[in-house]
Amino acid sequence: MYFNTRELSAVSLSAAMWAVLNLTVTPIFWDLTHLPILCDMIGVSLLILTVMWTRNPGGATTMCALATILNFVMRPSAVHFLGFTVASVVFDLFTYLVGYDRCLEQSLRGWTLILGASLLSTGVAGGIIGAFFMNAGALNSMYGGAAVFTVIHMAGGAIGGVLGIVFVKALKARGVTASN
């Protein structure tokens, strides 16, 4: 795993953006709706951008590891973010094993693969957060259990996946690619 300076900048900027949005906007959305989807939307769209920019094994994992460190520095009580750390490893492995070019191609196959990675990784995040970081009684009374909580996370991942696809298409249309 080697990153050039442009890739390291993309990883760092994405991690900082995720950490700052997780500190500022996400808690407000959670307090208003009690829906665990915004962090998934933000995270997945940034994971997709990071994979697009780096196309390097470990790019998404490194970005989220850095976001996790920043998250704990700014908000030490937000241990649920560890679910997203594991989810980023799943996302990274999926895109690596399937192939970055396949996942990021501008076709139905590429969009389906990147949405699959988004759904799988946010499902893992929701499962981990629901199982380890949520009060079981609150989880059951608010959502009907961990399974529904996980599906709601996956809905956020689907929305974030679509946003990530839109961002990638917009950047490619403007000539911004990993090789630039």
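**Close-up 1. Two cysteines of the predicted model, C39 and C64.** A residue counts as buried when its relative accessible area is under 20%. In this predicted model, C39 has a relative accessible area of 7% and is therefore buried, and C64, at 0% relative accessibility, counts as buried as well. A disulfide is a covalent bond between the sulfur atoms of two cysteines, and a pair of such sulfur atoms is counted as a disulfide when the two lie within 2.5 Å. The cysteine sulfur closest to that of C39 belongs to C64 and lies 8.6 Å away, which is too far for a bond. Seen from the other side, the sulfur of C64 has its closest cysteine sulfur in C39, again at 8.6 Å and too far for a bond. A search of the whole structure finds zero disulfides.

**Close-up 2. The largest nonpolar core and the surroundings of M63.** The largest nonpolar core holds 37 residues, and those that touch the most other members are W18, I48, M63, F81, F84, F91 and I114. Two or more residues of this core come from each of the helices α1 (5-33), α2 (38-54), α3 (59-74), α4 (81-98), α5 (100-104), α6 (108-133), α7 (136-143) and α8 (146-173). The greatest contribution is that of α2, which gives 11 residues to the core. When residues up to four places away in sequence are not counted, M63 touches V11, S14, A15, W18, L46, L47 and T50.

**Close-up 3. A nonpolar patch on the surface, with I69 among its members.** The residues V20, L23, I69, V73 and M74 form a nonpolar patch on the surface, and together they have about 430 Å² of accessible area. The elements that give two or more residues to this patch are α1 and α3, and the largest share, three residues, comes from α3. Within the patch, I69 is found in helix α3, where this residue is exposed, with a relative accessible area of 53%.

**Close-up 4. M154 in helix α8 and its contacts.** The residue at the centre of this legend, M154, has its place in helix α8 and counts as partly exposed, at 27% relative accessibility. Leaving aside neighbours within four places in sequence, M154 is in contact with L119, T122 and G123. Although M154 and G126 are 28 residues apart along the chain, their C-alpha atoms are separated by 7.4 Å.

Definitions and conventions. Residues are numbered from 1 along each chain as its sequence is written. This is a predicted model: local features need pLDDT of at least 70, side-chain atom pairs count only at pLDDT 80 or more; totals for chains, interfaces and linings use all residues. Side-chain values use heavy atoms; hydrogens and water are left out. A nonpolar core is a set of buried Ala, Val, Leu, Ile, Met, Phe, Trp, Tyr and Cys residues joined through side-chain atoms within 4.5 Å. Buried means under 20% relative accessible area, exposed over 50%, partly exposed in between (1.4 Å probe, protein chains only). Helices (H or I, at least four residues) and strands (E, at least two) are DSSP runs, numbered from the N terminus. Contact means heavy atoms within 4.5 Å. Patches are made of residues with over 30% relative accessible area and no salt bridge: like charges are joined within 9 Å, nonpolar side chains (Val, Leu, Ile, Met, Phe, Trp, Tyr) within 5 Å. Accessible areas come from the Shrake-Rupley method with a 1.4 Å probe; for residues, only the protein chains shown count as cover. A salt bridge is a side-chain nitrogen of Lys or Arg within 4 Å of a carboxyl oxygen of Asp or Glu.
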